[in-house]
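Could you look through the following points beside the coordinates? They are set out in an order meant to be checked one by one.

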Amino acid sequence: MSRQAEPIALRYALRRYGVALLLPTILIIGMLTLYPFAFTRLWPTNPTFVLMTGLSHAFDMVLNIVLFIPLGIALRWFLAGCGVPLPWQRVGVIVLSASGALGIEVAQLTIPGRTAALLDVVANTSGAALGAWWLAQPMLPLVERLGFWIDRGVRMMPAWVVFVGLVFWLAGGIWMVAHWQRATLPTTWSDRYTLQIGAANDGRRFWPGYVGFTALYNRAFTADDVQAVRTPGDAIARQPLFAYDFSELPPAGNGPFARPLVAQGRPTLTESGVGVGYQRWLISSEPLRGVAAEIARTRAFTLVAQVAAREPDRTTEGLIVNFGRGIDGHNISLIQAGADLLVRMRLPLTRVGNDRPPLRFANVFPDGQPRLLALSYDGAVARLFVDGQAHPQWYAFGSGEALINRWLPVQTHQIGGWTIALAGAICLPLALAGLPWRGERWPLITVAVLGPLLISGAPWLVAAQPLSGGMLVAGMLTIVVSGLIVFWLARKPYSYTSVLSSHV
């Protein structure tokens, strides 16, 4: 290598190392600091006051320092690789790390459960400075040796061995997506639950309002089906598992699994139906046995209810229709929370204690007028129809939600996002096709091209999945972007020994 080309090659090497460490570091920092355990749209009244007075525990402070050490190392290498002089490298590390840390704290202002504090910015910046000042140079020989052996191993590894490995990985990914998609099917309903109208079986979470009729079906309704159900007679004619007409007391039950409803307190009979509320509700005389097996067989259901909220501005949650037990166990429940409707339903992916995640449909009860509600679930997608019209919000459950909810509480606004992210994560190793393996690489490229198509189509082995388009795009973007990065990182290596003294 000529004297003129050597500095360029050395800077290129440093940029490569900086990018290789920077990308996973940013991803890990984002996951650990911005995961929304809860969510609110409200901006704090005094965000500056919150930032200035926020405090963290000692362990959090140490974690904030350690978390940004790799970022400081990566930024130092990258800036050195861009030819930035040593004094400005230090300034750049401080400015970039402090700006990123401040952006994280501002974002955390809208994430309840997180502590937004300027002290965290100081801790993050200190960690980045520690990595840049004292660890960037000692780490380079180790990274150089590691990079040498990785590059050597890649160039000696036969491409067919990698091809076999990626095929097994892809097959495992397809199995995992299909397996966790099964957790979205309503196959875990309990046969021990009763039906309650207006409150839980013990009277808690009472709901002040009126119920005209309700019915449960073992299939998902279309818009045409919903528009055909306007009266109790229409509901009964469509062969429900159970249906109740509240135009009389005690309510008339229909369907093979209907059981008599017993009044608790003194529900009132009005033109809008049965009036329920505080110390006034209805409960089936015994559990509705057999419904769970029927829903598990068809893997879909629709719950229809004609209701009118007596207090549409009431913010306390009230159980309108509760096929469950108490306030925590639900097969399917309709709940008023102000103008919004909350839906809790039991699936294999939900936690039995609280049936998380709940579904929220906004502005269903703007006033006290009667509403005909129909919640339809086909094993993957939950849709709400209000007076025959589809509500603008709908929720598609996928394998990502089922997998993540085993460890982290998935929130309503995250439904669908985790499945798309899972598709990208499964497709990430397929970017290895961009490395210079020994031998013919066309089979590797073929696997990389077909991978997103197969992963996005895997949910359809279980249920129709509208998220497949997003999964396909996520997988393709992951492979293209990461493949280009891997190709760039694997270009002909140079010797980096003199980098230690001349650039860092």
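The points below take up a sheet, two of its hairpins, the nonpolar cores and one helix.

1. The model is a predicted one, and the points that follow should be read with that in mind. In it, seven strands make up an open sheet with antiparallel pairing, and their order across the sheet is E5-E8-E1-E10-E11-E12-E13. Strand E5 (261–265) and strand E13 (359–361) are the edge strands, each of which pairs on one side only. Averaged over the sheet and with direction ignored, neighbouring strands are turned by 15 degrees against each other.

2. Within this sheet, strand E1 (residues 194–197) is joined to strand E8 (residues 280–284) by two bridges in the antiparallel sense. To check the register here, one can start from glutamine 196, whose bridge partner in E8 is isoleucine 283.

3. Strand E10 (residues 318–325) and E11 run antiparallel and are joined by seven bridges, with glycine 318 having glutamine 336 of E11 as its bridge partner. The two strands form a hairpin with three residues between them, and in that turn glycine 326 has a positive phi of about 65 degrees.

4. On to the next pair: E11 and strand E12 (residues 340–345) are paired antiparallel through six bridges, and isoleucine 335 stands opposite leucine 342 in E12. This pair also forms a hairpin, here with two residues between the strands, and glycine 338 in the turn has a positive phi of about 70 degrees.

5. How much of strand E11 (residues 329–337) is buried? Nine of its nine residues are, so the strand is largely enclosed by the rest of the structure.

6. The largest nonpolar core holds 78 residues, of which Val291 and Leu341 touch the most other members. Helix H6 (residues 159–181) gives the most to this core, with six residues. A second, separate core has 14 residues, among them Leu67, Phe68, Ala101 and Ala132. Leaving aside residues up to four places away in sequence, valine 291 touches Trp189, Asp191, Leu216, Leu241, Phe242, Phe257 and Phe323.

7. As for H6 itself, its 23 residues should span 33 Å at 1.5 Å a residue, and the end C-alpha atoms are 33 Å apart, which agrees. The buried residues of H6 include Ala159, Val162, Leu166, Leu170, Gly173 and Val177, together with Ala178, Trp180 and Gln181 towards the end of the list. Among the elements that cover the buried residues of H6 are helix H10 (399–404), helix H11 (417–427), helix H12 (442–457) and helix H13 (468–489).

Note on methods
Residues are numbered from 1 along each chain as its sequence is written. This is a predicted model: local features need pLDDT of at least 70, side-chain atom pairs count only at pLDDT 80 or more; totals for chains, interfaces and linings use all residues. Side-chain values use heavy atoms; hydrogens and water are left out. Buried means under 20% relative accessible area, exposed over 50%, partly exposed in between (1.4 Å probe, protein chains only). Helices (H or I, at least four residues) and strands (E, at least two) are DSSP runs, numbered from the N terminus. Two strands pair if DSSP finds at least two bridges between them. A nonpolar core is a set of buried Ala, Val, Leu, Ile, Met, Phe, Trp, Tyr and Cys residues joined through side-chain atoms within 4.5 Å. Contact means heavy atoms within 4.5 Å. The expected span of a helix is 1.5 Å times one less than its number of residues. Axes are lines fitted to C-alpha atoms, for helices over the stretch in contact, and angles run from 0 to 180 degrees between N-to-C directions.
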